Amino acid sequence: HSYNARPMSSRHGGFASVVTLGLSTLLHAFTHAYGAMLVPLYLLIVRDLHLRGVESAAMIVTVYGLVYALGSYGAGVMADRVNRKAMLGVGLMLNAVAIVCMGLTRSYPALLLLAILAGLAGTLFHPSANALVPEHFPKSPGMVIGLLGIGSGLGFFAGPQYAGWRAETARWHWHAVADWQRPCVELGAAGLVMGALFLLLAREARQGGRGLPRVVHPPLGKALRWRVLAIAVVLGCRDFAGVASLSLSSIYFQKAQHRDPKETGLFLGIMMLMGVVANPLAVWLSPGRRRLRFLTASLIISSFIIASVPLAPKAWVLPVLCLFQSMHLGSYAMSDAAILERVPANVRGRVVGLFLTIAGSFAGISPWLMGFWTDRMGAGTLRQLPYLAPFGTLGLMMAVAAFSTPIIAKLGQPDEAAIDPLSEIMPATMEPAG
């Protein structure tokens, strides 16, 4: 790149940086919990609202995911220019308000409108957090991305598990709130509290002042822009398969294995909980130039695992899906770290936003497509083998995503300071750039 790739942070690392990392990880958890919590509730929503099929319930999650993705580049532009702490805190609170309102309406059109609001709020997270957190730790951007990724595992675990559990067990009543709506009200209220705490306690990394560097906003440049677009198109197959696997697994558990929403939510949560360990471990095991080789291997192995789900005995389906998610979720941390280590701090928001706009939009349609596909399987949804086609398709897409690693390599080499795992795992002492 023709511009300075050194960190633009002016904050010295320390307790405030660690607190910001911890709070950002919790915000990550809430963001993904909100995106996944309706998945085990599809059949309850269909029955309660008298919808025509699973595809209609899945459309709520699809609208959320599409808006979340389509707004990402705009959020990335904001993240490179305005206060990212405010974006994160306000974004979570707006997301939480939308989720609470979902728990208070029985109108399907209103649910779709609220999904749009939730998506607009949720889209602020990744561009802001993926720019803010590494800037607090400029000597170890890869490892902190892995630690931030713990939040995705926690969120994907807590969202479906809590939703399925509370839909079955909650007994409070208020304005005829349905069983599937109670977890929306409860998790939404918790998110409002978390957003307020973040605004009070988290810290922005860059600050102006005498003797401190001026934060500049260079253009992405044609070469960087096209490489990020190419990565998004190819690696987006991984994102599609990953999001689709959650909805397809929920349908598979409830129809082919005849499990109830509570047990389905628990199983979905358990398999996504693998990300708590997989994200930081994957980054720690793959420093520097090994990162892309490990990413390629994880994507190829994942492709075989997810395709084999309908062939596994009933008792082994959950372990197989847990193994898949260990590899799949770890790949997110590795790809994010590999990309962000190769681009300057002052363009990271836009890089993340551009990637998510393309890859996330593609992935966002997958819940509806899985509902549409399985609705048209008819009685075949009650048996395991007919699911070979959708699970096999997801496996093929995971394999295609492996071709993204040579494109990521063309972004450049990672900073040598970020190659040693021991130096990555320790909070760095930050010095002003310039």
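Axes here are lines fitted to C-alpha atoms, for helices over the stretch in contact, and angles run from 0 to 180 degrees between N-to-C directions. The model is predicted, so local features need pLDDT of at least 70 and side-chain atom pairs pLDDT 80 or more, while totals for chains, interfaces and linings use all residues. Residues are numbered from 1 along each chain as its sequence is written, and side-chain values use heavy atoms, with hydrogens and water left out.

**Exercise 1. Describe how helices α11 and α18 pack, and which residues make the contact.**

Step 1: Find the helices. Helices are DSSP runs (H or I, at least four residues), numbered from the N terminus. α11 covers residues 222-256 and α18 covers residues 388-401.

Step 2: Take the geometry. The two axes lie 8 Å apart, at an angle of about 155°. Angles over 145 degrees count as roughly antiparallel, and α11 and α18 are therefore roughly antiparallel to each other.

Step 3: List the contact (heavy atoms within 4.5 Å). α11 brings residues including V234, R238, F240 and Y252, and α18 brings residues including P390, F391 and M397.

Step 4: Sort by class. Ala, Val, Leu, Ile, Met, Phe, Trp, Tyr, Cys and Pro count as nonpolar, Asp, Glu, Lys and Arg as charged, and the others, Gly among them, as polar. The contact of α11 with α18 has 15 nonpolar, 2 polar and 1 charged residues.

**Exercise 2. Characterise the two largest cavities by volume and lining.**

Step 1: Settle the term. On a 1 Å grid over the protein atoms alone, a cavity is a set of points where a 1.4 Å probe fits but cannot get out, and lining residues have an atom within 4 Å of a point. Grid points are joined across faces, edges and corners, and a volume is the space filled by probe spheres set on the points.

Step 2: Count. The whole structure holds 4 cavities of 30 Å³ or more.

Step 3: Start with the largest cavity, of about 800 Å³. Of its 40 lining residues, H32, H126, F156, V243 and Y332 are closest to the centre. The lining divides into 23 nonpolar, 15 polar and 2 charged residues.

Step 4: Turn to the second largest cavity, of about 70 Å³. Its lining includes Y34, I60, M102 and A118. α1, α3, α5 (84-102) and α6 (108-122) each give two or more residues, and α3 gives the most, with 3. By class there are 9 nonpolar residues, 1 polar and no charged.

How values were computed
Parallel < 35°, antiparallel > 145°, perpendicular 65-115°, else oblique. 1 Å grid on protein atoms, 1.4 Å probe; cavity = no way out; pocket = protein on both sides within 12 Å on 5 of 7 lines; lining within 4 Å.
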